[in-house]
Amino acid sequence: MSGHRGVDLGATHDGVPVTAPESGTVSFVGVVVDRPVITIDHGNGLRSSFEPVESSLAVGATVAKGDAIGTLMPGHCGARPCVHWGVRRGEDYVNPLEFVLDLRPSILLPLSRGWPDPGQDDRAG
Ligand SMILES: [Zn+2]
C-alpha cells in the first residue's frame, strides 16, 4: 500500500454519492488491500483517488465535474463518515486542497489546517 497521503473530507453520512472534483477518465476501479478505490485521470498528469468508494463505473468511463463517481463506504475515519482523497501529479503526491482551491477558488474552504498533517490525518490508522 502507498501509505496515507491526502486529506480526509468529512461527509454527512455513509452512502452519500462522491462527486468528481474535475472532469476526467476513470483509470482504476477496484479493491486495494481491503478498500474500494476509484481513480480519475484528469489529464496533465493529475490523478485523484478516492476511498473507500464503491463505484459501478468502468475503467475508461469519462466523468464530468460534479458527476457522481461512486458511493461512500464506511470505515476510513472510524465512526465518522469521511472520504479519503489523494492527488498525484505523475508519481508525486500533491496537496488535494491546493488542487481544489485551484479549481474552485471561491466555493470550498479547507477542512483541515494543513498538509501534510499526520497527527490530524492518521487517526484512522
Ligand atoms: Zn485518510
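Two strands count as paired when DSSP finds at least two bridges between them. The exercises below apply this to a predicted model.

**Exercise 1. Establish how β2 and β8 are joined, and name the partners of P17 and V18.**

Solution.
Step 1. Locate the strands: β2 covers residues 17-19 and β8 covers residues 68-72.
Step 2. Count the bridges. There are 3, and the two strands run antiparallel.
Step 3. Read off the partners. P17 is bridged to T71 in β8. V18 is bridged to G70 in β8.

**Exercise 2. Find the order of the 3-stranded open sheet that contains β8, and identify its edge strands.**

Solution.
Step 1. Take the pairing of β2 with β8, which rests on 3 bridges.
Step 2. Add β6, residues 53-54. This strand pairs with β8 in the antiparallel sense over 2 bridges. The cut-off is at least two bridges, so β6 and β8 qualify as a pair.
Step 3. Check a residue of β6: V53 stands opposite L72 in β8.
Step 4. Write the order, β2-β8-β6, with antiparallel pairing. The edges are β2 and β6, as each pairs on one side only.

**Exercise 3. Trace β5 through its two pairings, with β4 and with β9.**

Solution.
Step 1. Place the strands. β4 spans 35-43, β5 spans 46-51, and β9 spans residues 82-89.
Step 2. Pair β4 with β5: 5 bridges, antiparallel. Here D41 has R47 in β5 as its bridge partner.
Step 3. Pair β5 with β9: 6 bridges, again in the antiparallel sense. L46 is bridged to R89 in β9.
Step 4. Check the cover. In β5, 5 of the 6 residues are buried, and the strand is mostly covered.

**Exercise 4. Examine the backbone at V33, N44 and P52.**

Solution.
Step 1. Start with V33. Its phi is near 60°, a positive value in a residue other than glycine. V33 sits in the loop between β3 (24-32) and β4.
Step 2. Is V33 buried or exposed? V33 has 8 C-beta neighbours inside 10 Å, so this residue is exposed. The cut-off for exposed is 12 or fewer.
Step 3. Go to N44, in the loop between β4 and β5. N44 is not a glycine, yet its phi is positive, about 55°. The hairpin of β4 and β5 has 2 residues between the strands.
Step 4. Classify N44. It counts as exposed because 8 C-beta neighbours lie inside 10 Å.
Step 5. Finish with the loop between β5 and β6, where P52 is found. The peptide bond from E51 to P52 is cis, with omega near -15°.

**Exercise 5. Describe the largest nonpolar core and the surroundings of V53.**

Solution.
Step 1. Size the core: 19 residues. I38, V53 and V83 touch the most other members.
Step 2. List the elements that give two or more residues to this core: β1 (7-10), β3, β4, β8 and β9. With 4 residues, β9 gives the most.
Step 3. Look around V53, leaving out residues up to four places away in sequence. Its contacts include V18, P36, V37 and I38. Among the others are G70, T71, L72, M73 and V83.
Step 4. Link this to Exercise 2. L72, one of the contacts of V53, is also the residue opposite V53 in β8.

**Exercise 6. Summarise the chain, then mark where confidence drops.**

Solution.
Step 1. Count the elements: 2 helices and 10 strands. Along the sequence the pattern is β-β-β-β-β-β-β-β-β-β-α-α.
Step 2. Note the burial. Of the 125 residues in the chain, 30% are buried.
Step 3. Weigh the contacts between residues at least 6 apart in sequence. Of these, 61% join residues at least 24 apart.
Step 4. Read the confidence. The mean pLDDT of the chain is 82, and 76% of residues reach 70 or more.
Step 5. Mark residues 104-108, where pLDDT stays under 50. The model has 1 contact beyond four places in sequence for this stretch.
Step 6. Mark residues 117-125, where the pLDDT is below 50. This stretch has 10 contacts in the model beyond near neighbours in sequence.

Note on methods. Residues are numbered from 1 along each chain as its sequence is written. This is a predicted model: local features need pLDDT of at least 70, side-chain atom pairs count only at pLDDT 80 or more; totals for chains, interfaces and linings use all residues. A residue is buried if 20 or more other C-beta atoms lie within 10 Å of its own, exposed if 12 or fewer, and partly exposed in between; C-beta atoms are placed from the backbone. Two residues are in contact if their C-beta atoms, placed from the backbone, lie within 7 Å. A nonpolar core is a set of buried Ala, Val, Leu, Ile, Met, Phe, Trp, Tyr and Cys residues joined through C-beta atoms within 7 Å. pLDDT is the predictor's confidence in each residue, from 0 to 100.
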